[in-house]
Amino acid sequence: MDSRICLHCYVSGKVQGVWYRASAKEQAERLHITGWARNLPDGRVEVLACGSRENLMQLFEWLKRGPQLASVTEVTHEELPWQDLQGFETL
């Protein structure tokens, strides 16, 4: 069974204007995760992350905390089939 999956996440709280996306990119690259993070008009951050299940769980735990200036109130996610993406971008 392939342990590579993708997580599609929505992060709520004070997560815009606090280096959340840039910090998520650093964490993803450290964990060899591909995908992207982008701000949404409603103040949330949307993240698509693809990698090994183990590394994605580490990233998911980080998403629930975020960088020092963030105040995360909720992270929702759904598991998606593997997508072969290159790198991790902030959109």
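# Close-up views of a predicted model

**View 1. The disulfide of Cys6 and Cys50.** A search of the whole structure finds 1 disulfide. The model is predicted. The bond joins Cys6 and Cys50, whose sulfur atoms are 2.0 Å apart. The angle about the S-S bond is 110°, and the link of Cys6 and Cys50 is right-handed. Distant parts of the chain are linked by this pair: Cys6 belongs to strand S1 (residues 4–14) and Cys50 to strand S3 (residues 45–52), with their positions 44 residues apart. Cys6 is buried, at a relative accessible area of 0%. Cys50 is buried as well, at 1%. Cys9, in contrast, is in no disulfide, and the nearest cysteine sulfur, that of Cys50, lies 10 Å away. Because its relative accessible area of 1% falls under the 20% cut-off, Cys9 counts as buried.

**View 2. The salt bridge of Arg53 and Glu79.** By the rule applied here, the structure has 5 salt bridges. One of them pairs Arg53 with Glu79, with 3.0 Å between the closest N and O atoms. Arg53 is in helix H2 (residues 53–63) and Glu79 is in strand S4 (residues 71–80), so the bridge ties together parts that are 26 residues apart in sequence. Arg53 is partly exposed, with 30% relative accessibility. Glu79 is also partly exposed, with a relative accessible area of 45%.

**View 3. The salt bridge of Arg38 and Glu46.** The side chains of Arg38 and Glu46 meet in a salt bridge with an N to O distance of 2.7 Å. Are the two partners buried or partly exposed? Glu46 is buried, its relative accessible area being 5%. Arg38, at 32% relative accessibility, is partly exposed. The two residues therefore fall on opposite sides of the 20% cut-off for buried residues.

**View 4. The salt bridge of Glu61 and Lys64.** A salt bridge is formed between the side chains of Glu61 and Lys64, at 2.9 Å from N to O. Glu61 is partly exposed, at 39% relative accessibility. Lys64 is partly exposed too, with a relative accessible area of 38%.

**View 5. The aromatic pair of Tyr20 and Trp62.** The count of aromatic pairs comes to 1. Tyr20 and Trp62 make up this pair, which is tilted, with 5.4 Å from centre to centre and 45° between the planes. Tyr20 lies in helix H1 (residues 20–30) and Trp62 in helix H2, so the pair ties together parts that are 42 residues apart in sequence. Both Tyr20 and Trp62 are buried.

**View 6. The buried side of helix H2.** Which residues of H2 are buried? They are Asn55, Leu56, Leu59, Phe60, Trp62 and Leu63. These residues cover an arc of only 160° around the axis, so they are on the same side of H2. The elements that cover the buried residues of H2 include S1, H1, S3 and S4.

**View 7. The charged end of Arg4 over the ring of Trp82.** The charged end of Arg4 sits over the ring of Trp82. Its distance from the centre of that ring is 4.3 Å.

**View 8. The surroundings of Val47.** Val47 is a residue of strand S3. With a relative accessible area of 1%, Val47 is buried. Leaving aside residues up to four places away in sequence, Val47 touches Leu7, His8, Cys9, Trp36, Ala37, Leu63 and Phe88. Among these contacts, Cys9 is itself buried, and Leu63 is one of the buried residues of H2. The C-alpha atoms of Val47 and Ala70 are separated by 15 Å, the two residues being 23 apart along the chain.

**View 9. The surroundings of Thr34.** Thr34 is located in strand S2 (residues 34–39). Thr34 is buried, and its relative accessible area is 15%. Not counting residues up to four places away in sequence, the contacts of Thr34 are Leu48, Ala49, Cys50, Leu85, Gln86, Gly87 and Phe88. Cys50, one of these contacts, is the residue that forms the disulfide with Cys6. Phe88 is touched by Thr34 and also by Val47.

Definitions and conventions:
Residues numbered from 1 in each chain as written. Predicted model: local features only at pLDDT ≥ 70, side-chain atom pairs only at ≥ 80, totals over all residues. Heavy atoms only, no water. Salt bridge = Lys/Arg side-chain N within 4 Å of Asp/Glu carboxyl O. Buried < 20%, exposed > 50% of the residue type's maximum accessible area, 1.4 Å probe, protein only. Helix = DSSP H or I, 4+ residues; strand = E, 2+ residues; numbered from the N terminus. Disulfide = S-S within 2.5 Å. Phe/Tyr/Trp six-rings, centres within 6.5 Å; stacked < 30°, edge-to-face > 60°. Lys NZ or Arg CZ within 6 Å of the ring centre and 35° of its normal. Contact = heavy atoms within 4.5 Å. Arc of directions from axis to C-beta.
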